[in-house]
Amino acid sequence: MNPTAMRFPLLLIALIAAAPLVSLTSLARAADEPPLEWTDPDTGYRIHRLTTREGENRSFYFHNNPFVPAVDGGDDLMVFYGAEPEDGDEDDGNKGGPARQLFVMNLRTRNVRQLTDEPGGVRGEIVAAEARTAYCQAGRRVLAVNVDSGESRLVVELPEDLPGSIRSVNADNSLIVAVYADGIKEIYEKHPKKSSYFGVIYEAKLPNTMFTIDTTSGEIKVIHEDNAWLNHQQFSPTDPNKLSFCHEGHWHMVQRIWNMDISTGEVQPIHERTVHREIAGHEFWSRDGKTIWFDLQIPRGETFYLTGYDLATGKETRYEHERHEWSVHYNISPDQTIFVGDGGSEGSVAGSPDGHWIYLFEPDGDRLKSTRLANLKDHDYGLEPNAHFTPDQQRIIFRSNMHGPTHVYAIDLER
């Protein structure tokens with residue numbers, strides 16, 4: 001027999017013997033990896049996984065703008081949070097969660113750059129789009145990070161007696177609003193899960209202080225004090241003196257939504273309860289700053305409305321929708337003609353067994369006409385999806401753990 005022919009089977013056997021460790025590992029990794037894109041078989045809409053970095057990836061909370069629009073022929077950018085794989089993947093209700101850093105993504109190329117690298121991570125979901133700046137907090141240090149260059153500067157180091165949390169930047173990028181609740185840190189440490197701390201903080205009636213930080217000088221000014229739990233601070237997108245906030249707690253027990261003129265200190269409630277157990281909350285601003293929108297239920301869990309409060313007239317516009325269409329959060333499109341909702345689980349307020357969808361809503365008279373965009377039946381609503389329209393209004397951005405790891409996804413609004 002030809003010696004060369006005899007050597008070939010032996011070489012082939014050797015190669016096969018050496019290959020399985022590499023091949024099986026690659027196959028296992030591929031099986032665990034969430035798909036990069038697919039067409040939802042229940043809705044017909046195309047869905048893309050935007051984040052590919054290992055570890056946890058999260059888009060922003062529903063009322064926190066994550067986008068920096070394109071300029072001079074460039075591309076739209078999106079700021080998001082990421083954690084390293086070894087930091088784990090805790091849900092929104094766990095204040096101990098992984099150490100997260102800020103990243104920025106080019107929404108066309110999907111290229112990602114890391115913006116922060118602070119020991120222990122950063123917090124604060126604040127983007128000043130026109131200034132192309134992301135504000136975040138590392139301990140008591142408040143930082144301003146340029147999303148294009150990644151350059152960072154110290155805005156201020158908060159004093160030891162006011163180590164609050166930054167929440168929002170105003171329309172002209174001159175002031176950041178922050179809040180401090182004396183004693184809240186100890187409650188979080190003792191009751192890390194939201195199901196545990198929520199009622200405890202509400203009942204505690206801690207001294208709460210809202211204050212502003214000058215983005216240039218770092219000057220701190222106290223603007224409001226209360227023994228109510230102050231939360232959800234949001235500056236108007238157009239008026240630098242208008243600020244909305246809420247009295248946090250069990251919605252049927254609080255006057256939830258408030259508006260403040262920080263130039264005068266005047267504070268006024270938004271929407272008055274009309275029946276027992278009526279609730280209003282998860283408020284957000286219209287793009288033109290003229291309306292505050294919110295989830296209204298009259299009473300809780302029975303009749304559902306997306307409601308807009310006109311700040312100039314006090315008039316409310318209500319769009320009724322079905323129980324299964326209720327969403328944990330809603331959001332409004334850049335042109336203010338349509339809305340998006342992130343659905344809910346059977347354990348959510350609406351209690352619908354068929355509410356696990358990303359919805360597109362279009363006003364139709366005094367109701368909302370809904371279109372299902374994505375089936376989230378495999379999503380754990382312990383993590384809120386928090387849907388956003390992209391600046392070009394072509395896609396919906398949301399976060400999900402439907403394939404296990406938490407990633408940021410996009411839905412194409414054109415089928």
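A nonpolar core is a set of buried Ala, Val, Leu, Ile, Met, Phe, Trp, Tyr and Cys residues joined through side-chain atoms within 4.5 Å. The exercises below concern a predicted model.

**Exercise 1.** Determine which residues have the most contacts inside the largest nonpolar core, and which element gives the largest share of this core.

*Solution.* The largest nonpolar core holds 36 residues, and Phe-339, Ile-358, Leu-373, Ile-396 and Ile-411 have the most contacts inside it. Elements giving two or more residues to this core include β22 (304-310), β25 (339-341), β27 (367-375) and β30 (407-412). The largest share, five residues, is that of β26. For Phe-339, neighbours within four places in sequence are left aside; its contacts then include Trp-293, Leu-306, Tyr-359, Phe-361 and Phe-389.

**Exercise 2.** Establish whether Glu-125 is buried or exposed, and which side chain of opposite charge is nearest.

*Solution.* Glu-125 lies in strand β8 (residues 123-128). Glu-125 is buried, and the nearest side chain of opposite charge is that of Arg-399, 4.6 Å away. A salt bridge requires a distance within 4 Å, and Glu-125 has none. Its polar partners are considered next. The Glu-125 side chain reaches the backbone nitrogen of Tyr-61 at 2.6 Å, and a polar contact of 3.1 Å links it to the side chain of Asn-64.

**Exercise 3.** Decide whether Leu-143 is buried or exposed.

*Solution.* Leu-143 belongs to strand β10 (residues 141-146). Its relative accessible area is 3%. Buried means under 20%; therefore Leu-143 is buried. Beyond four places in sequence, Leu-143 is in contact with residues including Glu-118, Tyr-135, Cys-136, Leu-154 and Val-155.

Technical notes. Residues are numbered from 1 along each chain as its sequence is written. This is a predicted model: local features need pLDDT of at least 70, side-chain atom pairs count only at pLDDT 80 or more; totals for chains, interfaces and linings use all residues. Side-chain values use heavy atoms; hydrogens and water are left out. Helices (H or I, at least four residues) and strands (E, at least two) are DSSP runs, numbered from the N terminus. Buried means under 20% relative accessible area, exposed over 50%, partly exposed in between (1.4 Å probe, protein chains only). Lys and Arg count as positive and Asp and Glu as negative; His and the chain ends are not counted. A polar contact is a pair of N or O atoms within 3.5 Å; within protein, one must be able to donate a hydrogen and the other to accept it, and residues adjacent in sequence count only if both atoms are side-chain atoms. Contact means heavy atoms within 4.5 Å.
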